[in-house]
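Me: Please take a close look at one sheet in this model. Start with the chain as a whole, then go through the sheet strand by strand, and finish with the nonpolar cores.

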Amino acid sequence: MNTLWQARTLTPLLALAAMTLAGCGSKSAEKSESTEKSASSEKTTAEQGKTGVVANPTTTAQNATDNGLDTSYLLADFYMGAVVHPGRVLKSPAFSNPILGDIFTEAQKNMGFDPRDIDRVLVAGDPVGKRFAAVISFSKPIDSTLILSKMLEAGHEKITHNGADYYRNARPRNPSVYFPNNKTVVLALDADLQQMMGKPSTTSELITKLKGLDPGQDISATFIMSGLPSEVLDQVKRNPIPQPFTPLGEVPDLVTAVTIGAKLIDALELKIVLNTRSERDGSRLQQIVGPTVDLGKGLANQQLEQLPPGVSQIAKPILDSITSKAHGADVHVTLKAEAAGATGMLTAMLLPAVQQARAAARHSVQRNRFKQIGLALHNYHETHSHFPAGGKAMLSWRVHILPMLDQRNLYEQFKLDEPWDSEHNIKLVDKMPEIYTSENNPGGGKTTVLAPVTADSIFGGDQPVRFRDITDGSSNTVLAVLVKAKHAVPWTRPADLTVDAADPAAALEPGLRGFLALFSDGSTRSLGVDLEPATFLNLFNKSDGNAVGDLD
């Protein structure tokens, strides 16, 4: 499951996730602390036994209030949840930093909506089982058709389930999409989404805690320890912990739930609440957490000495503010940052998100160029009943599809009966269309958009290839790739990438999620950098009998 959750799609939320590390919180800490202390003294067992994840009396009572959060789509076996309010944060003065402009612009292009229009994101799931669901609520109506085209770029099928329509992802391990109204998007794996569409309105310890979260917090997350499979907990306990952190080995037996709360506007504050079953357990937990926090601060301060003075001046007061304290059966760990320090830290932490946004923009542009090239090659085949010839052609296939790329005027300037480097044709090298450029393009009329050439590839022989010759399947056979700048060729030259059988990916240019490739069916996909050499060769060959199939 990766399409929505990939960095490109989650780019507008990366900044928010980063903020939780820098600090966040409430200006009314005393009031919040008082409320929590009062709530933790209440007891209720009404929810026990109703779901697969049985509510713990202490942690359920702590969140007995109802913040009005709609959890009706959530399933009973989810044990991790988070709530984010992007809109109110991103519209605040604290987030008027110019470097965020790239994130908003690219989010609009890549997702079909402005992240500032997101009122709330509720994410929940089972991380061990790799099951996640998201309910995204917007402050204004959305264009579902546009969002579908961005989220389900591999294709989708409209399905009617219990009288309601949703969109099944063509890639079964990626989320499907449901629009219950024009301001809400629900995403989950197909089987989970069908259950969620019925709004099961179940109860569980997770749901109780989510409903008890402070609605004024900009980011909140909670994790129910009892939801973890026993074998995972056993594995955690068996893992050796180095000195001087060995007391942390007791923590899994003491903690029943973890809740993180953050406010990001103005001064920032982060609060982590560790729930236990009793005040005795809470006291023991603080005996472990307190010294561990102090030790960690000491080690971190040593690291700060290695950083530039400007960074350490920002980070040290924030680091020194970290405290831990027992509150009945719970332990609270807090971190605070004044507005000035928070802004500096914010800027530093946003830089990776901005870089990711720019990489996503480049990936999106190149993907769209590949799709246009794929469509042009299909139209060429439709007209001539075969793809352009490779091998000993006078001019590159890139020249022959120019009329299908709205470049007929340029195409008609070529003398098709002369080689690419004839006295006439060589003058046209500098007129390379933008569609054959790329981020790493070396210039001088050279392109890095090449076809992989093997004895069995589409452009590998002297005779033009037809669709019926691609017996491995058009969705399993690569037409074109991006190569590193040193392998670029003049775009008109009938030369492409001669594949090294020992290391087929050596010449490919890595991108956002791997090596971008155009397939014979017109789709674009990123090939993982960790694919075996034989897999690359099978993808480049059209009829070797080794169809690769689903790469997700």
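Reply: Accessible areas here come from the Shrake-Rupley method with a 1.4 Å probe. By that method the chain exposes about 24,800 Å², and carbon and sulfur atoms supply 52% of this area. The model is predicted. The chain has 552 residues, of which 49% are buried, and it holds 16 helices and 20 strands. Among contacts between residues at least 6 apart in sequence, 71% join residues at least 24 apart.

Now the sheet. It is open and has four strands, in the order E14-E16-E19-E20, with antiparallel pairing. Strand E14 (449–450) and strand E20 (524–527) stand at the edges; each has a single partner strand, so one side of each is left without a neighbour in the sheet. In general, strands of a sheet pair through backbone hydrogen bonds, in either a parallel or an antiparallel sense.

Strand E16 covers residues 478–482, and the pairings are easiest to follow from there. On one side, E16 pairs with E14 in the antiparallel sense over two bridges. In these, Val449 has Leu482 as its bridge partner, and Leu450 has Val481. On the other side, E16 pairs with E19 over three bridges, again in the antiparallel sense. Here Ala480 of the sheet stands opposite Leu518 in E19.

Is strand E16 largely enclosed or open to the outside? Buried means under 20% relative accessible area. Five of the five residues of E16 are buried, so this strand is largely enclosed by the rest of the structure.

A helix also packs on the sheet. Helix H16 (residues 533–540) touches E16, strand E19 (515–519) and E20. The direction of H16 makes about 120 degrees with that of E16.

That leaves the nonpolar cores. The largest nonpolar core has 69 residues. The residues with the most contacts inside this core are Val177, Phe179, Val185 and Leu210. Leaving aside residues up to four places away in sequence, Val177 touches Leu148, Met151, Leu152, Tyr166, Tyr167, Val185, Val186, Leu187 and Leu193. Apart from that core lies another, of 33 residues, including Leu405, Leu428, Ala451 and Ile470.

To recap the sheet: E14 and E20 are its edge strands, E16 has bridges to E14 and to E19, and H16 packs on the sheet.

Note on methods
Residues are numbered from 1 along each chain as its sequence is written. This is a predicted model: local features need pLDDT of at least 70, side-chain atom pairs count only at pLDDT 80 or more; totals for chains, interfaces and linings use all residues. Side-chain values use heavy atoms; hydrogens and water are left out. Buried means under 20% relative accessible area, exposed over 50%, partly exposed in between (1.4 Å probe, protein chains only). Contact means heavy atoms within 4.5 Å. Two strands pair if DSSP finds at least two bridges between them. Axes are lines fitted to C-alpha atoms, for helices over the stretch in contact, and angles run from 0 to 180 degrees between N-to-C directions. A nonpolar core is a set of buried Ala, Val, Leu, Ile, Met, Phe, Trp, Tyr and Cys residues joined through side-chain atoms within 4.5 Å.
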